[in-house]
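Here are my notes on the model you sent over, in the order I'd go through them. Have a look at the structure first, then read on.

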Amino acid sequence: MTTQTVESMPIQDETSFFDILRQDVGFDVVPSNVDLEDKHRFTKLEISPAQKIHVSALLQHAPAAVAEGMMAQAYIVKFPEGLPHVLTTLKQGGYSTVLREHGKIVGSASLYPFAAQAAVLGAFTAMSVVSGQYFLAQINHQLDMMQKKLDDVLQFLYGDKKSELIAELKFAQYTYENYSLIMDNDAQRIATISSLQEGKKVAMKDIEFYIEDLQRIVDNHKKDNWAKVTEEAFKEKQCLDLAIQLYVMTTVLEVYYSQNQNQDYLNYLEKDVSTYVNKCEKRILSSFSTLKGRIESQKTWPLGKNDKLDPRKEIEELLEQLNQGEESELEKSLHVVLNISEQPTEYYLNQSGEVYVKVS
């Protein structure tokens with residue numbers, strides 16, 4: 001089959017343009033009269049005034065995308081392969097489409113922005129950023145250490161790693177909370193990606209430091225004060241948890257800021273992060289198992305179950321948690337946020353330019 005390249009073709013009819021998007025990238029717009037104020041069914045995404053302007057521009061052309069050409073209280077915007085995936089397709093040289101004849105591909109054309117096309121790209125970009133903030137919140141919810149206030153973190157952080165870990169924690173929190181605002185500025189976005197990559201390396205170095213320090217505490221134990229040794233070990237684990245969560249969050253933030261939706265890359269990241277976190281947990285498990293064994297080996301230790309000074313109960317609870325062998329909530333959230341670009345997505349737009357999603 002011979003394939004030829006066709007010169008840019010201006011689309012004069014908005015309806016034809018939306019038909020092309022519907023056919024080639026799976027985008028669709030459906031009128032709806034759902035009650036978007038029903039908080040049990042819908043969540044309103046935070047959207048800046050500039051982003052709302054882009055969404056409103058799309059709404060002006062929405063009737064042309066609807067077969068009935070009817071007005072509605074709201075519109076459902078559908079992306080069968082996920083919004084980031086569609087947006088990546090559109091960014092590659094205007095609005096890329098395929099020319100077909102009798103069911104066969106005979107050429108390609110690039111449809112450059114006119115009124116409707118420009119409105120679509122602007123709205124897609126705005127919704128991609130806004131939804132990115134929403135999906136980042138899913139994994140941030142699982143990272144309890146990342147949400148702690150500075151005063152709480154200072155209670156357990158110590159040593160040379162204290163200042164750098166706090167600095168990276170605050171920067172990650174800043175980039176998460178201001179995601180949709182930073183994404184509007186390309187220069188700032190690129191600088192942020194570089195800083196997140198450095199933050200990820202710092203987190204990994206701190207993880208290794210605290211794992212070795214945990215083992216040192218266990219090995220250099222004081223037989224006459226197991227309660228104190230256990231307290232120090234759990235304090236060390238808090239530092240470890242913070243460093244591990246910083247490692248996960250900086251990885252996810254880098255993906256969202258770069259908008260790299262290459263599936264091979266995302267699969268590699270998910271496997272790499274999950275494998276490393278699991279190895280860290282196994283090393284933590286080994287240290288606390290050793291600690292528990294040494295406590296129980298001491299014949300002089302009061303082993304009564306009602307002894308409030310007995311640290312074994314707290315250790316046993318941790319070992320049980322680490323021994324479950326099931327996929328953690330963190331790993332589940334990591335999978336969702338790294339693969340959201342491949343998932344069917346629906347957004348609900350009202351006449352005011354506000355964007356909603358269904359409550360999951």
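**Notes on the model**

1. Cysteines first: the disulfide count comes to 0. Keep in mind that this is a predicted model. A disulfide would need two cysteine sulfur atoms within 2.5 Å. As for where the cysteines sit, Cys239 has a relative accessible area of 0%, and Cys280 comes out at 1%. Both values are under 20%, so Cys239 and Cys280 count as buried.

2. Now the overall make-up. The chain has 12 helices along with 8 strands. It runs to 360 residues, and 46% of them count as buried. The accessible surface adds up to about 18900 Å², with carbon and sulfur atoms holding 49% of that area.

3. How much of the contact map joins residues far apart in sequence? Take the contacts between residues at least 6 apart: 80% of these join residues at least 24 apart.

4. On to the sheet. It is an open one, built from 5 strands in the order S2-S4-S7-S8-S3, with antiparallel pairing. At the edges are S2 (28-32) and S3 (42-44), each of which pairs on one side only. From one strand to the next, the twist averages 30°. As background, strands of a sheet pair through backbone hydrogen bonds, in either a parallel or an antiparallel way.

5. One pairing in that sheet is worth a closer look. Edge strand S2 runs antiparallel to S4 (residues 74-79), and 5 bridges join the two. If you want a spot to click on, Ser32 has Ala74 in S4 as its bridge partner.

6. Then the nonpolar packing. The largest nonpolar core holds 82 residues. Which of its members touch the most others? Those are Met127, Ile207, Tyr256, Phe288, Leu291, Tyr347 and Leu349. Helix H9 (residues 226-258) is the top contributor to this core, giving 18 residues.

7. Apart from that core lies another one, made of 6 residues. Phe42, Ile76, Tyr348 and Tyr356 are among them. By numbering, Phe42 falls in strand S3 (42-44), while Ile76 falls in strand S4 (residues 74-79).

8. Last, a zoom on Leu291, one of the residues that touch the most other members of the largest core. Leaving out residues up to four places away in sequence, Leu291 touches Val218, Trp226, Val229, Thr230, Ala233 and Ile315. Trp226, Val229, Thr230 and Ala233 lie within the span of helix H9 (residues 226-258).

Technical notes
Residues are numbered from 1 along each chain as its sequence is written. This is a predicted model: local features need pLDDT of at least 70, side-chain atom pairs count only at pLDDT 80 or more; totals for chains, interfaces and linings use all residues. Side-chain values use heavy atoms; hydrogens and water are left out. Two strands pair if DSSP finds at least two bridges between them. Helices (H or I, at least four residues) and strands (E, at least two) are DSSP runs, numbered from the N terminus. Axes are lines fitted to C-alpha atoms, for helices over the stretch in contact, and angles run from 0 to 180 degrees between N-to-C directions. A nonpolar core is a set of buried Ala, Val, Leu, Ile, Met, Phe, Trp, Tyr and Cys residues joined through side-chain atoms within 4.5 Å. Buried means under 20% relative accessible area, exposed over 50%, partly exposed in between (1.4 Å probe, protein chains only). Contact means heavy atoms within 4.5 Å. Accessible areas come from the Shrake-Rupley method with a 1.4 Å probe; for residues, only the protein chains shown count as cover.
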